[in-house]
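The report below goes through a single chain by topic, beginning with strand pairing and ending with charged side chains. Please keep the sequence and the coordinates at hand while reading.

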Amino acid sequence: MLEESQISQKFLLFEERFGRGEVIDAYYAPGRVNLIGDHTDYNGGMVLPLAIEKGTYLLIRRTELPPCRLYSANLDLEARILTSELEPKGDWADYLRGVYKYSSENCGTLPPFDAYYFGDLPLESGLSSSASIEVVTARAMNSLGCAMSPADEVKVAWRAENEFVGIPCGIMDQYAVAFAEKGHCLLLNCENMEHRQVPFNIRDCVLVVGNTGMPRNLAETEYRKRRLECGEALEALSARLGPRTCLSNVSVKEFESARWGLPDLLARRAEHVIYENVRVEEAARCLQAGDARTLGHLMNRSHESLRDLYEVSTHELDALQRISLEQQGVLGSRMTGAGFGGCVVSLVAREGLERYLRRTPGLYWQATHEEAEFTVTTPGDGARRLREAT
Ligand code: GLA
C-alpha cells in the first residue's frame, strides 16, 4: 500500500492536470496472487487466490462535458473516452472504455469524468494489473451514480477484458480483486461462483512473490491453445463417461477409468485440471487448520503438474521454484497464474525470510542471468473506496 501522504499528493497533481472543480473521490483495487488452482477457472474448477498488498489507485471526478479524460501516472500516458464512440482504440485505456461501456449497460447513460490512475503494482508481471485497473474503475462508477454489486462489477470487468479488449481470461482475477478480504484467501468455485473466505491461519509464515522478470510473450497464444485442448479433452471424456459441462465435473476415479482412451496430450491436460481441483480444496483445509507443511507439499505438487502435464512453466519459473525450495524455511513454492513468465509464490517461515531474501536473488541470477524482484505479502484487502477530498 502507498503511504497516506503519497496519496494526498496525487490529489494536487489531479487538480494541476484537470483543473479545480467538484469533489474528487479515491478508490483502490489490489493485484492478486493465486495460492493454488491454476488453469482450473475456465474449466469450472476451484481456485484459491488472495489480494497482495499492492494495487491500483484511482482519483475520479464527474464532469459536465465529454470527453472523459484519463491519465496513468505509471505509464505517463493520457487517453480520452468519447461517450458517443465506445470502440477499442488499441491503447492502455481500452480496459477502461470497456468498463465504462458495460457499466452504462447496467446503469443507463453515465456522465463524463476525469480520472487519474497511479499505484505500486508492477505491470505485465502476472499479478493481474489488468483486473486491478478494471475493477477499480468499475467500483469508481459509484461516483458517477452507478452503484453495482461486487458480482456485477466482476462481470463488467471480465467483459471488458474478454469482449472489449479480446483477451480470453477466466473469472478468477476479477473475482479475487473485487472480493478479497484482509487475512483471507478466497475459495471460489468457478462453475457456480459460490465462494468462501478462508482465514490464512498460518501465522508463522509469509508469502513471497518472486517475479522472474521474463516477458510473457507466449502467454496469450498458449493460453488459448490450452483452453481448446481442455475443450477437446472434455468432449472425449464426455463420450466415454456421459455428458459433462466442464472438466472439473469429472472425478479423479472417473478420469482414471477413462484416460486410456484419450490421446496422451489431452489426458495430461485433463489430469492436471482434475487433480489440481482436488488439491485446491485440500489446500483450503490446510490453510484453515494452520497446516503449513501439507499446504507446502500441495503447492509443490501443483508446480510439478503445471510444469510436466500442463506445460505452462518456463526455465526461469522452474529455476526460481527449485532455488526457493532449496532454501531453509521454505515450505512450498509454485509458479502462479497463467505461466510463460510471471511469478513464483513461496510459503516461507518468518524466521527464514531474511535469509531467503538475501540468498535467492543471487542464486536465481547465477541460474538464469535474470534479475528477479521479490514482494513479501500477507493477504490484503480487496477493492474499496478510500475517501473524498475537496
Ligand atoms: C490468467 C487468467 C485467469 C486464470 C489464470 C490461470 O491469470 O486471467 O483467469 O485462468 O491465468 O489460472
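Two strands are taken to pair if DSSP finds at least two bridges between them. The model discussed here is predicted.

**Strand pairing**

With that criterion in mind, strand 2 and strand 7 qualify, since two bridges join them and they run antiparallel. Within this pairing, Val47 stands opposite Leu188 of strand 7. The pairing belongs to an open sheet of three strands, in the order 2-7-8, with antiparallel pairing. Strand 2 (46-47) and strand 8 form the edges of the sheet, each pairing on one side only.

A hairpin is formed by strand 4 and strand 5, with four residues between the strands. Five bridges hold strand 4 (residues 68-72) against strand 5 (residues 77-81), and the two run antiparallel. Across this pair, Arg69 stands opposite Arg80 of strand 5. In the same hairpin, Asp76 takes a positive phi near 50 degrees.

**Backbone exceptions**

Most residues other than glycine have a negative phi, and most peptide bonds are trans. Against that background, Met193 has a positive phi of about 65 degrees although it is not a glycine, and Met193 is found in the loop between strand 7 (184-189) and strand 8 (195-199). Glu311, likewise not a glycine, has a positive phi of about 55 degrees and is found in the loop between helix 9 (292-308) and helix 10 (315-326). Met193 is partly exposed at 26% relative accessible area, and Glu311 is partly exposed at 34%. A cis peptide bond, with omega about 0 degrees, joins Pro66 and Pro67, and Pro67 is located in the loop between strand 3 (49-62) and strand 4.

**Cysteines**

How many disulfides does the structure hold? There is one disulfide, and it joins Cys107 to Cys146 with an S to S distance of 2.0 Å. The link of Cys107 and Cys146 is right-handed, with 65 degrees about the S-S bond. This pair links distant parts of the chain, 39 residues apart, with Cys107 in helix 2 (residues 94-107) and Cys146 in the loop between helix 3 (129-140) and helix 4 (150-165). The two partners are covered to unlike degrees: Cys107 is partly exposed, with a relative accessible area of 32%, whereas Cys146 is buried at 1%.

Cys169 is in no disulfide, the nearest cysteine sulfur being that of Cys190 at 11 Å, and Cys169 is buried with a relative accessible area of 9%. Why does Cys246 form no bond with Cys190? The sulfur of Cys190 is the closest cysteine sulfur to that of Cys246, but the distance of 9.8 Å is too far for a bond, given that a disulfide requires the sulfur atoms to be within 2.5 Å. Cys246 also counts as buried, at 9% relative accessibility.

**Helix 3 and a nonpolar patch**

Twelve of the twelve residues of helix 3 are buried, so the helix is largely enclosed by the rest of the structure. Among them are the charged residues Glu134 and Arg139, together with Ile133, Val135 and Val136. At 1.5 Å a residue, the helix should span 16 Å, and its end C-alpha atoms are 16 Å apart, which agrees.

Leu123 lies in the loop between strand 6 (113-119) and helix 3 and counts as partly exposed at 42% relative accessibility. Together with Leu75 and Leu77, Leu123 makes a nonpolar surface patch of about 240 Å².

**Salt bridges**

Side chains of opposite charge can pair when their charged atoms come close. The count comes to 33 salt bridges, including the three tabulated here.

| Acidic residue | Basic residue | N to O distance |
|---|---|---|
| Glu220 | Arg224 | 2.7 Å |
| Glu229 | Arg226 | 4.0 Å |
| Glu254 | Arg244 | 2.8 Å |

Glu220 and Arg224 are four residues apart in helix 6 (residues 219-241) and so are separated by about one helical turn. Glu220 is partly exposed at 35%, and Arg224 is partly exposed at 36%. Glu229 and Arg226, three residues apart in helix 6, are likewise separated by about one helical turn, but both Glu229 and Arg226 are buried.The pair of Glu254 and Arg244 links distant parts of the chain, ten residues apart, with Glu254 in helix 7 (residues 252-258) and Arg244 in the loop between helix 6 and helix 7. Salt bridges that share partners join Glu222, Lys225, Arg226, Glu229, Asp264, Arg268, Arg269 and Glu311 into one network.

Methods. Residues numbered from 1 in each chain as written. Predicted model: local features only at pLDDT ≥ 70, side-chain atom pairs only at ≥ 80, totals over all residues. Heavy atoms only, no water. Buried < 20%, exposed > 50% of the residue type's maximum accessible area, 1.4 Å probe, protein only. Patch = residues over 30% accessible without salt bridge, like charges linked within 9 Å, V, L, I, M, F, W, Y side chains within 5 Å. Areas by Shrake-Rupley, 256 points an atom, 1.4 Å probe, with all protein chains shown as cover. Salt bridge = Lys/Arg side-chain N within 4 Å of Asp/Glu carboxyl O. Expected span 1.5 Å × (residues − 1).
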